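Q: Could we go through this structure together? I would like to begin with the ligand.

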Amino acid sequence: MVRGAVTLVAAPCPYLLGGNFLKFSELGLSESLLKAIKRSGYEEATPIQEQTIPMVLDGQDVIGQAQTGTGKTAAFGLPIIEHVDTKDPDIQALVISPTRELAIQTQEELYRLGKDKHVRVQVVYGGADIRRQIKSLKQHPQILVGTPGRLRDHLNRHTVKLGNIKTLVLDEADEMLNMGFLDDIEAIINQTPKDRQTLLFSATMPPEIKKIGVQFMTDPKMVRIKAKELTTDLVDQYYVRARDYEKFDIMTRLIDVQDPELTIVFGRTKRRVDELSKGLVARGYNAAGIHGDLSQDQRTKIMRKFKNGQLDILVATDVAARGLDISGVTHVYNYDIPSDPDSYVHRIGRTGRAGHHGMSLTFVTPNEMDYLHEIEKLTRVRMLPLKPPTAEEAFRGQVATAFNDIDELIAQDTTDRYKDAAAKLLETHNATDLVAALLNDMTKEAASDVPVKITPERPLPRRNRHNHSRGNNGHYRRRHEGHGRRNGYRSHRRNDHHGNSHSSRHSFNIRHRKED
Ligand SMILES: Nc1ncnc2c1ncn2[C@@H]1O[C@H](COP(=O)(O)OP(=O)(O)OP(=O)(O)O)[C@@H](O)[C@H]1O
Ligand SMILES: [Mg+2]
């Protein structure tokens, strides 16, 4: 048993290159799990699943790094469920997640996959009634998912006992081992058996953070799905160079032209998120924001609406950057460029998941261009510059959306009973006037009629190209966490874009964040 050394397991990337995948039935999983997998609609294992499931089943410690949206949850979840002894009432596996929303999502997925085996999976997270959690814990979950702060709280109250866990998972491991969480994680790990199996999973794994992680592992195997790029090629990545005060009008025009299905807009601060969501609502978009200052009830309600499609645009701080898997998110807008390139990878990874395509758009002010280059250096992808649409193009986008909606409405065949009324209207009104009035009603006011002022944020400090480090000796910046869709109508048009690209350089500082 060697602590502190990692064996690298090279893995091809058939997921990206279109090769053959193994069937789940070849991975050593039992019938009840294969049933759950089939019900989930998964036909083949993704590469990270194919590589790590046999290792985890074998009891090995694994660091799994694969792009966003490639099924890392099931990669650790399936073998953990396989190992659960349903007759043993103790907690046998613990999964630690950085945010409440992710912890809830992971609990739901593990519950779904373990249902046929009757595995009990519970979740504990901050901001929720602890007494209710304590009551649920008395039902003896075999798998527990939790956020670090609340887990510690339960450990202090002796309402969670980790003395018999076999497997510990740090999902979003690089975030969990970062400064903001490390104390909590160490305190939790100290309460687990030394001979446990430890699994670290993330789409990003900076080397200096991996070094910290390895300290908690025994003879870990590193599985890195080799992809040319760190970000998924399912996301078309664009940037718009604009001044801070220009960004909001450009963004609403882009939404009009691009007509996303569901959108996540990331803002740098909580105030930003509040102002952006209010501004979007004022312009007639169906948007709401989430960040760490909202009550957990509010956060849960907004997330539920977004998942159900009752909200078109979710405005969020980095609280929504990692792990969240919401189908239908076609667009991610970085209203503010993230100061940390890893954060960019996770943010844009909220779209382009499980084989679907997506688009990301990052606003960058002229003096933040170095941050853009830094991101490109990490991802090895050049973002394409996007020309902001004109007011006229935005208007045409809205009209095209309305045309599509009218096509859909007519196709619904529910208009027959209005035909007499329509004939009557046509006796007194000209058809063009009638349709123009309808279109006016279906489209929004011109942006210029609803001015929205967003308080300027201080731009990111100019990057000193030689002085930045991603190690702990860099300066720590606290990251902000935090979270919308438009009223009704939509169409399927693509943006117009042109342009060249550019080069990249240098690395920079580590971030500091805590969210529980
Ligand atoms: N083998 C599979 N075939 C098809 N879909 C899958 C498969 N495995 C997982 N999925 C689906 O892919 C989506 C993304 O999975 P998951 O959230 O686990 O990704 P991830 O790799 O953890 O991403 P992130 O880095 O953003 O956390 C989910 O909707 C999941 O149900
Ligand atoms: Mg994940």
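**Ligand 1 and the sheet**

A: Helix α4 (residues 72-83) gives the largest share of the shell around ligand 1, namely 3 residues; helices (H or I, at least four residues) and strands (E, at least two) are DSSP runs, numbered from the N terminus. This is a predicted model, where local features need pLDDT of at least 70, side-chain atom pairs count only at pLDDT 80 or more, and totals for chains, interfaces and linings use all residues. Residues are numbered from 1 along each chain as its sequence is written, while chains are lettered from A and ligands numbered from 1 in the order in which they are written.

Q: Which residues come nearest to ligand 1?

A: They are T68, G71, K72, T73 and A354, out of 18 residues around ligand 1 (near: C-beta atom, placed from the backbone, within 6 Å).

Q: Why does ligand 1 lie between the two domains?

A: Ligand 1 lies there because domain 1 (7-226) and domain 2 (235-390 + 450-462) both give residues to its shell; the domain bounds come from an automatic or database domain assignment.

Q: Now the sheet: what is the order of its strands?

A: The open sheet has 7 strands in the order β11-β12-β10-β13-β14-β9-β15, with parallel pairing (two strands pair if DSSP finds at least two bridges between them). Its edge strands, β11 (287-290) and β15 (384-385), each pair on one side only.

Q: And what does β11 pair with?

A: β11 pairs with strand β12 (residues 313-316) in the parallel sense over 4 bridges, and G289 stands opposite V315 in β12.

Q: Over how many bridges do β9 and β15 pair?

A: Strand β9 (residues 235-241) and β15 pair over 2 bridges, in the parallel sense. Y238 stands opposite L384 in β15.
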